[in-house]
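Open the model in your viewer and keep the selection panel at hand. This tour goes stop by stop.

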Amino acid sequence: MSILGGLAAQPADSALRDRYDGAELPSAAASAPESGSSTTAIAQTLIGTWQSEGNSRFTRTFAVDGSVTDRYEGDESSTSKAKWRLFTAKDRDPLLDSVVAGVTYLRMDNGSDVTFYAIVKADRRHLQLRYADRRGFMVRFRRVSGP
Amino acid sequence: MIFSGFDSAGYPGDANMRSIWDNTELRWCGFYLGPGSDWNPHFPQIQDIGWGVAPIYTGKQPGSSHKLQAIHNRNAADPKALKTALWDNGVLDGQEAVDQARASHIPLNTILYFDVEDTTLDPDWLEYYRGWSRGVVDRYYGVGLYTRREHAAWLMGKLMGDGLSKPFDICMPTIWIARYNRANANGSDIPATDFLGDPLPAPDPKTVYSDAAMWQHIGNFGLKWTDSAGKTRKFAPVDFDTSIYPDPGTGFLSAI
């Protein structure tokens with residue numbers, strides 16, 4: 001399902017896109033909202049393991065128990081664990097004063113940092129997350145297992 | 001003493017930069033390097049006004065760089081060759097960062113901050129970043145890192161740990177931490193209450209990172225000030241920052 005709608009494009013030009021090297025800045029064509037995309041349905045879609053399209057050694061696993069684990073193949077010290085949950089403008093997170101209506105956000109809290117993403121796309125095969133703060137960097141994953 | 005600053009992807013314009021300097025307590029700004037940045041031509045004007053400047057380099061990102069992955073795949077069978085190739089690619093980008101700084105007339109010895117937007121803990125990127133640092137330092141600029149707290153802690157631990165290639169060739173960066181006390185999501189409307197003026201909030205002591213010299217702690221807010229003619233002016237979006245240095249580009253030298 002495509003989820004992100006009504007979200008204004010951030011400053012993005014071809015030079016910056018080149019600099020980020022394959023991991024996209026937000027695009028104005030980031031898709032329209034799809035009716036019926038409930039937070040529960042998106043959460044179910046996230047469960048499983050996803051591999052970064054930009055770096056096949058990096059995987060992110062969302063578990064039913066609310067934990068999320070980032071792993072980097074070949075380096076155990078780069079494993080990072082956090083808690084995750086989804087929210088929208090209706091039940092927004094207190095750390096975000098304002099969010100975009102119709103967009104589902106992912107909150108990941110590792111006890112040290114809280115990271116927010118806008119979910120741009122989540123379906124059986126693909127997951128696109130955009131950092132909800134700073135410069136709005138986009139990361140893309142493909143599913144490798146589950147649910 | 002703590003010095004307030006801001007960074008914004010878009011340049012506010014020469015008139016706003018003058019007015020903000022004259023009428024607020026903000027004393028330094030982020031400055032995005034490179035031909036794609038509209039900050040790029042404005043360093044001389046900003047410096048003449050008196051702003052401290054933290055130049056920001058946009059390079060290959062951890063966890064999502066196709067080019068670093070290609071380097072890994074070409075050298076996967078030989079870990080030593082892999083580290084060398086990643087390092088060498090970083091050196092080239094470090095030299096590019098210096099070229100961009102020079103093109104903006106930013107003087108020698110200025111600290112260039114590598115902007116990490118994707119904070120994946122990526123060991124390949126670590127080698128690349130170390131090479132980048134060497135490429136910058138060898139051309140007489142300083143190195144910084146602009147990232148989130150967990151990523152900075154991971155990197156600093158790696159730099160001070162065992163198992164590094166070239167273990168005696170370490171450039172310790174000046175750290176600029178992005179960790180928000182308050183923020184608005186990208187693309188959202190900024191509430192009127194989120195246009196901040198003097199006095200600007202200080203970072204929450206519970207969120208600071210002891211190795212950092214700078215903190216970005218309020219994201220996607222607006223700036224509101226009264227100009228010299230008594231008129232209220234606004235600029236958005238901006239991220240609010242603080243630093244222990246009046247000029248994070250020159251670091252502790254600016255505090256002497």
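Start in chain A with strand S1 (residues 48-52) and strand S9 (residues 138-145), which run antiparallel and are joined by four bridges. Strands here are DSSP runs of E of at least two residues, helices are runs of H or I of at least four, and both are numbered from the N terminus. Two strands pair if DSSP finds at least two bridges between them. Select A:Thr49: opposite, in S9(A), stands A:Ser145.

A word on the model: it is predicted, so local features need pLDDT of at least 70 and side-chain atom pairs count only at pLDDT 80 or more, while totals for chains, interfaces and linings use all residues. Residues are numbered from 1 along each chain as its sequence is written, and chains are lettered from A and ligands numbered from 1 in the order in which they are written.

**The barrel of chain A**

Now show the eight strands that close into a barrel, with antiparallel pairing, in the order S1-S2-S3-S4-S6-S7-S8-S9. From one strand to the next the twist averages 35°. Add helix H2 (residues 39-46) of chain A, which packs on the sheet. H2 touches strand S2 (58-62), strand S4 (80-87) and strand S7 (114-122) of chain A. Touching means contact: C-beta atoms, placed from the backbone, within 7 Å. The direction of H2 makes about 95° with that of S7(A). Such angles run from 0 to 180 degrees between N-to-C directions, with axes fitted to C-alpha atoms, for helices over the stretch in contact.

Is S7(A) mostly covered or uncovered? Nine of its nine residues are buried. A residue is buried if 20 or more other C-beta atoms, placed from the backbone, lie within 10 Å of its own, exposed if 12 or fewer, and partly exposed in between.

Next, select A:Ala118 in S7(A). A:Tyr105 stands opposite A:Ala118. Strand S6 (residues 105-109) of chain A pairs with S7(A) in the antiparallel sense over five bridges. Four residues lie between these strands in their hairpin, where A:Gly111 takes a positive phi near 90°. In strand S8(A), the bridge partner of A:Ala118 is A:Arg130. S8 (residues 126-131) of chain A and S7(A) pair antiparallel over five bridges, and their hairpin has three residues between the strands.

**Across to chain B**

Select strand S5 (residues 96-98) of chain A. Two bridges join S5 to S6(B), and the two run parallel. A:Leu96 has B:Ala183 as its bridge partner in S6(B).

Widen the selection to the whole contact: 42 residues from chain A and 40 residues from chain B. On the chain B side, H3, helix H6 (149-159), strand S6 (174-184) and strand S8 (212-226) each supply at least two residues. S6(B) gives the largest share, six residues.

**Helix H3 of chain B**

Zoom to H3 (residues 66-75) of chain B, where B:Leu68, B:Gln69 and B:Ile71 are buried. They cover an arc of only 160° around the axis, counted from the directions to the C-beta atoms, so they lie on the same side of H3(B). Exposed B:Asn73 and B:Arg74 are on the other side of H3(B). Cover for the buried residues includes helix H4 (79-103) and helix H5 (123-137) of chain B.

Finish with all of chain B in view: six helices and nine strands. Buried residues make up 53% of its 256 residues.

Key: Two residues are in contact if their C-beta atoms, placed from the backbone, lie within 7 Å.
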